[in-house]
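This briefing concerns one strand and its partners, followed by the surroundings of the ligand and two annotated positions. Please consult the sequence and the model alongside the text.

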Amino acid sequence: LVIPDFESFCDELGKIFRETLKNNNGKVADYIPQLARVHPDHFAISVCTVDGQRYSFGDSKVNFCLQSSCKPINYCLALEELGEERVHSHIGREPSGQSFNELALNSKGLPHNPMINAGAMMSCSLIDRESDIADRFDKVSKTWQALCGDKQISFNNSVYLSERQTADRNFALAYFMREKNAFPERTNLTETLEFYFQCCSIESCTSDLSVAAASLANAGTNPLTGKVIFGASTVQNCLSLMLSCGMYDFSGEFAFKIGLPAKSGVSGALMLVIPNLMGISIWSPRLDQVGNTVRGVEFCRRLVERFSFHQYDSL
Ligand code: GLN
C-alpha cells in the first residue's frame, strides 16, 4: 500500500477539511446565471490513491461542471492522437502570465498553452478532426467515464446553452487565432467553440473525479479498473503543463508553494495530482480574484504544510 495507515491519513485530512471549511472568502462565478445560482457553501474533497484506497469529505456526490478542469484531458486526447510535435505546432507550452481568457497569443500567433481558453479551444480543434461532432463529443465523454472508473458522467445542458450565449470573448479569441492561421486547415470555428463549451459543461462529483485524478497520478492507468487510458509520456507532458500553467495566473505561486500539478475551473473545481501517490478532487464554488477556488487553494496549502507532498520536499 502506498499509504499504509490510510485511516490516520484520512483523520488528518478531515482536520484540514474542517479548518478549511471555515473560510467563506471569495465569490461564486457569475458570468452565467447557471453558475451564479450554485450554492456557495458546497465543499467536497475526495482522495483516491494509485492503489485504489478512497475516502471523501463533504458534498462528494453532488455534481458540478468541469469548466476549465476539462482542459488537461482534452490536451491528453490531442497528444495521444497526434503526438507532441504536431500538437505543439498549434499550441505553446509557456505560462501566459495573464488571465485565462486574455485576448493574447504568443509571438508565433499561437495560444500560450493548453490550460487557458485559447489553447483549450485549439485542443478541441485537434481531437478526432475527421469525425463528426457527435462522435467527437462521445470520445471526450467516454474518456472521462473511463478515467472515473467506468462511472456514468453527466452533461449540464443549461450551462452549455448559456456558455454558448455569453461567448463573445471566446469567439474573439478564436477569430484572433484564425487570423494568425493558428488552426489546422478546414477548421469549423463555430463547431470547435461549441465542442469546447460542451466539454466545459460535462458534470461529475469529487468522488468520481478523484479517480480521474488518480489515473493521472498513476501514469494514465485507472487504479480501479486497470484500464490504460493514456500513455505515460502523454501524462508526463500534461502534468508538466498543469504544474506550470494549471492555476491561471497563480500558477507560478502555486508551483512555488504547493509544488504539485493541478487544474482549476470557474465552477470551483480543482484537480490535484500527487504523482505515484494519489489524486485529489476538490470542489468549493467561491473563487478568488484570478478564478481559483478559495478553499481549494487553502486545502492544498494546508496539505503540503502537514505532509511532504511538495515535489521538492524529498530534497
Ligand atoms: N467556460 C469558461 C470559459 O470558457 C471556462 C473558463 C474557466 O473555467 N476558467 O470562459
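Strand 8 and strand 9 form a hairpin with 3 residues between them, and N276 in the turn has a positive phi of about 65°. Strands (E, at least two residues) and helices (H or I, at least four) are DSSP runs, numbered from the N terminus. The model is predicted: local features need pLDDT of at least 70, side-chain atom pairs count only at pLDDT 80 or more, and totals for chains, interfaces and linings use all residues. Residues are numbered from 1 along each chain as its sequence is written.

**Strand 9 and its partners**

- Strand 8 (residues 269-274) runs antiparallel to strand 9, and 6 bridges join the two; strands count as paired if DSSP finds at least two bridges between them.
- Within this pairing, S281 of strand 9 stands opposite M271.
- Strand 2 (residues 44-49) is also antiparallel to strand 9 and is joined to it by 6 bridges.
- In strand 9, I280 is the bridge partner of V47.

**Burial of strand 9**

- Strand 9 (residues 278-283) is mostly covered, with 6 of its 6 residues buried; a residue is buried if 20 or more other C-beta atoms, placed from the backbone, lie within 10 Å of its own, exposed if 12 or fewer, and partly exposed in between.
- M278, I280 and I282 point one way, while G279, S281 and W283 point the other way.
- In a regular strand the side chains alternate between the two faces of the sheet.

**Ligand surroundings**

- The residues around the ligand, with a C-beta atom placed from the backbone within 6 Å of it, are Q67, S68, F100, N101, N117, E163, N170, C200, G265, V266 and G291.
- By class, this shell has 3 nonpolar, 7 polar and 1 charged residues; Ala, Val, Leu, Ile, Met, Phe, Trp, Tyr, Cys and Pro count as nonpolar, Asp, Glu, Lys and Arg as charged, and the others, Gly among them, as polar.

**Annotated positions**

- An unreviewed UniProt entry annotates S68, N117, E163, N170, Y196, Y248 and V266 as "binding site"; such annotations may be inferred rather than shown by experiment.
- Y196 lies in helix 8 (residues 189-200) and is buried because 25 other C-beta atoms lie within 10 Å.
- Leaving aside neighbours within four places in sequence, Y196 is in contact (C-beta atoms, placed from the backbone, within 7 Å) with A120, M121 and C124.
- V266 is placed in the loop between strand 7 (262-264) and strand 8, and V266 is buried, with 24 other C-beta atoms within 10 Å.
- With neighbours within four places in sequence again left aside, V266 is in contact with A29, L35, Q67, S68, L287 and G291.

Methods. Two residues are in contact if their C-beta atoms, placed from the backbone, lie within 7 Å.
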